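The following exercises concern the model shown below. Each task is followed by a solution in steps.

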Amino acid sequence: MKTKNSITKIIWVFLFAIAMGYLESAVVVYIRALYYPEGFTFPMKLISDQIMITEFFREAATMIMLIGIAIMSGRSAIERFAYFILSFGVWDIFYYVFLYALLGWPQSPMTWDVLFFIPVTWIGPVIGPVINSLTMIILALTILYYKNKNQRVKTGKFVWPLLILGSLVVIVSYTMDYVGFMSDKFSFLQQMGIGDTQGILEYATAYIPLTFNWWVFLCGVVMHYVAIVIIIGKTEKLARQNQIDSSI
């Protein structure tokens, strides 16, 4: 009964995330119709403060919705974490699926995209966030697989530092080129929207991404997969030990 309920819950989280992916892509369709009727390309066009603020809080609202579905779906902290990254990963992948269906964009996995605006602008090739999303889905399903078997998920002392540090390294890979460009004129705090917002937006329109630091990105991704391997190894070891103890 528990297995059936867990699978049903996972399916509904998938459907929720897919629907969110469509809503996100629909917003982008509207924005591009207003600012990029000929098709999205760099350099970015200047948008109003109102639209920029609206986008900022829309992204914050998206995170709140993903956290909300995770809290409602999970019964423990690690289950809620699993449902959060599961919904995040599915949402992000289907965001690109629907954009391609609606606009024929991105043209390739290496197409540049603006990924996020919090706390500063993230920019990278589309394949980057897709890799991150697949990693999140694998990690989430690993945790939910063991929880569904009534097994304690063993993390150890290295897993969370690896996941957190790996995520920070990936974020750096997405922001370092843009921040470096903007730092010629603005401090990091100013780039976060503290100060001359309109001046920052105007200067950002000159930015054209040329390089992506794959080595930094891959270092972060490797940390994530090492953490997954550790979780599997420690959880399986704990399960075997429990079986031995129960048979004695």
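Helices are DSSP runs of H or I with at least four residues, numbered from the N terminus. The model is predicted.

**Exercise 1. State which helix holds Lys 234, and classify its exposure.**

Step 1. Lys 234 is placed in helix 8, which covers residues 214–247.
Step 2. Buried means under 20% relative accessible area and exposed means over 50%, with partly exposed in between.
Step 3. The relative accessibility of Lys 234 is 36%, so this residue counts as partly exposed.
Step 4. On the surface, Lys 234 belongs to a patch of positive charge together with Lys 157, Lys 237 and Arg 240.

**Exercise 2. Describe the order of elements and the overall dimensions of the chain.**

Step 1. The chain contains eight helices and two strands.
Step 2. Read from the N terminus, the elements follow the order α-α-α-β-β-α-α-α-α-α.
Step 3. The C-alpha trace spans about 70 × 35 × 35 Å along its principal axes.
Step 4. Of the 248 residues in the chain, 43% are buried.

**Exercise 3. Compare the expected span of helix 4 with the distance between its end C-alpha atoms.**

Step 1. Helix 4 comprises 22 residues, 127–148.
Step 2. The expected span is 1.5 Å times one less than the number of residues, which gives 32 Å for helix 4.
Step 3. The end C-alpha atoms of helix 4 are 31 Å apart, in agreement with the expected span.
Step 4. Just after helix 4, Asn 150 adopts a positive phi of about 60 degrees.

**Exercise 4. Identify the residues that are linked with Arg 58 in a network of salt bridges.**

Step 1. A salt bridge requires a side-chain nitrogen of Lys or Arg within 4 Å of a carboxyl oxygen of Asp or Glu.
Step 2. Glu 24 and Arg 58 satisfy this criterion, with an N to O distance of 2.8 Å. Glu 24 lies in helix 1 (residues 2–35) and Arg 58 in helix 2 (residues 49–73), so the pair ties together parts that are 34 residues apart in sequence.
Step 3. Arg 58 also forms a salt bridge with Glu 55, whose closest N and O atoms are 2.8 Å apart. Both residues lie in helix 2, three residues apart, about one turn of the helix.
Step 4. Glu 24, Glu 55 and Arg 58 are therefore linked in a network of salt bridges.
Step 5. Glu 24 is buried, Arg 58 is buried at 18% relative accessible area, and Glu 55 is buried at 10%.

**Exercise 5. Classify the exposure of Glu 38 and Lys 45, which meet in a salt bridge.**

Step 1. The side chains of Glu 38 and Lys 45 meet at 3.1 Å, N to O.
Step 2. Glu 38 has 54% relative accessibility and counts as exposed.
Step 3. Lys 45, at 38%, counts as partly exposed.

Notes: Residues numbered from 1 in each chain as written. Predicted model: local features only at pLDDT ≥ 70, side-chain atom pairs only at ≥ 80, totals over all residues. Heavy atoms only, no water. Patch = residues over 30% accessible without salt bridge, like charges linked within 9 Å, V, L, I, M, F, W, Y side chains within 5 Å. Areas by Shrake-Rupley, 256 points an atom, 1.4 Å probe, with all protein chains shown as cover. Lys, Arg positive; Asp, Glu negative; His and termini not counted. Charge placed at Lys NZ, Arg CZ, Asp CG, Glu CD. Buried < 20%, exposed > 50% of the residue type's maximum accessible area, 1.4 Å probe, protein only.
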